[in-house]
Amino acid sequence: MELKDLNPKTAATVKANQWDKQCKDEATHQRLKTVKQIRPTMELLDSFESRRTELETKNKRPVRTIWAYYGSNKERIEGILKNGFAKTLSSAAIVLWEDPAIAIPFAEDHQLMLCRVALGIDGVDYDFDAASGKYSVKWPAQVMPTYMVYFE
């Protein structure tokens with residue numbers, strides 16, 4: 001996957017529709033510096049769309065897709081950008097949050113991935129902890145890195 005600069009209008013849309021809308025901490029609203037698009041490989045796009053289709057077929061209903069933030073150390077982020085979640089993470093679940101203010105403490109180097117997440121059924125395809133706002137997604141193909149968000 002490669003990173004691409006966004007034009008100012010698109011960056012402002014991402015800020016308004018994802019960062020500002022999902023951020024519940026007023027101080028975090030001001031921390032956003034820039035946003036870059038993550039351009040996934042066709043293999044990763046196909047894997048994500050195949051998993052979405054599989055979930056819809058298996059569950060006999062449309063799959064809810066959300067935007068959620070992933071934060072980690074620099075080496076892991078670079079590994080995900082190079083190889084995707086499946087080839088980088090050895091753990092069984094990918095942990096994400098809808099609120100960037102909650103994800104920030106897990107991010108090193110002032111960067112978060114903003115991902116599209118195909119949820120499926122809670123307790124089967126993912127687990128949601130309402131108290132913390134944490135999503136634990138069980139299958140890497142359900143998570144598509146879409147933007148890198150850089151903050152102060």
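Two residues are taken to be in contact when heavy atoms of each lie within 4.5 Å. The structure described here is a predicted model.

**Strand β7 and Ser136**

By that criterion, and leaving aside neighbours within four places in sequence, Ser136 is in contact with Ala93, Ile94, Val95, Tyr126 and Asp127. Ser136 belongs to strand β7, which spans residues 134-137. With a relative accessible area of 13%, Ser136 is buried, because the limit for that class is under 20%.

**A salt-bridge network on helix α3**

Side chains of opposite charge can pair when their charged atoms come close. In this model the count comes to 8 salt bridges. Among them are three that involve Arg51, Glu54, Lys58 and Asp125, and salt bridges with shared partners join these four residues into one network. The pairs are listed below with their N to O distances.

| Pair | Distance (N to O) |
|---|---|
| Arg51 and Glu54 | 2.6 Å |
| Arg51 and Asp125 | 3.4 Å |
| Lys58 and Asp125 | 2.7 Å |

The pairs can also be described by their places in the chain. Arg51 and Glu54 both lie in helix α3, residues 42-59, and are 3 residues apart, about one turn of the helix. The pair of Arg51 and Asp125 links distant parts of the chain: Arg51 is in helix α3, whereas Asp125 is in the loop between β5 (111-118) and β6 (126-129), 74 residues away. Lys58 is likewise in helix α3, so its pairing with Asp125 ties together parts that are 67 residues apart in sequence.

Accessibility varies among the members of the network. Asp125 is buried, with a relative accessible area of 1%, and Arg51 is also buried, at 9%. Glu54, at 44% relative accessibility, counts as partly exposed, as does Lys58 at 43%. The latter two fall in that class because their values lie between the limits of 20% and 50%.

**Nonpolar cores**

The largest nonpolar core has 22 residues, and those with the most contacts inside it are Tyr70, Phe85, Leu96, Met113, Cys115, Val117 and Val143. At least two residues of this core come from each of β3 (65-70), α4 (74-88), β4 (94-97), β5, β7 and β8 (143-151). Helix α4 gives the most, with 4 residues. Not counting residues up to four places away in sequence, Met113 touches Ile38, Ala68, Tyr69, Tyr70, Ile77, Ile80, Leu81, Phe85, Pro145, Tyr147 and Met148. Apart from the largest core lies another, of 15 residues, which includes Tyr69, Trp97, Ile104 and Leu112.

**The largest pocket**

Rolling a probe the size of a water molecule over the atoms shows where empty space is left. The largest pocket has a volume of about 250 Å³. It is lined by 18 residues, of which Leu44, Asn83, Gly84, Phe85 and Ala86 are the closest to its centre. Phe85 is also one of the residues with the most contacts inside the largest nonpolar core.

Which elements each supply at least two residues of the lining of the largest pocket? They are α3, α4 and β8. The largest share, 7 residues, comes from α4. By class, the lining holds 11 nonpolar, 4 polar and 3 charged residues. Helix α4 thus gives the largest share of this lining and also the most residues to the largest core.

Terms used. Residues are numbered from 1 along each chain as its sequence is written. This is a predicted model: local features need pLDDT of at least 70, side-chain atom pairs count only at pLDDT 80 or more; totals for chains, interfaces and linings use all residues. Side-chain values use heavy atoms; hydrogens and water are left out. A salt bridge is a side-chain nitrogen of Lys or Arg within 4 Å of a carboxyl oxygen of Asp or Glu. Buried means under 20% relative accessible area, exposed over 50%, partly exposed in between (1.4 Å probe, protein chains only). A nonpolar core is a set of buried Ala, Val, Leu, Ile, Met, Phe, Trp, Tyr and Cys residues joined through side-chain atoms within 4.5 Å. On a 1 Å grid over the protein atoms alone, a cavity is a set of points where a 1.4 Å probe fits but cannot get out, and a pocket is an open set with protein on both sides within 12 Å along at least five of seven lines; lining residues have an atom within 4 Å of a point. Grid points are joined across faces, edges and corners, and a volume is the space filled by probe spheres set on the points. Ala, Val, Leu, Ile, Met, Phe, Trp, Tyr, Cys and Pro count as nonpolar, Asp, Glu, Lys and Arg as charged, and the others, Gly among them, as polar.
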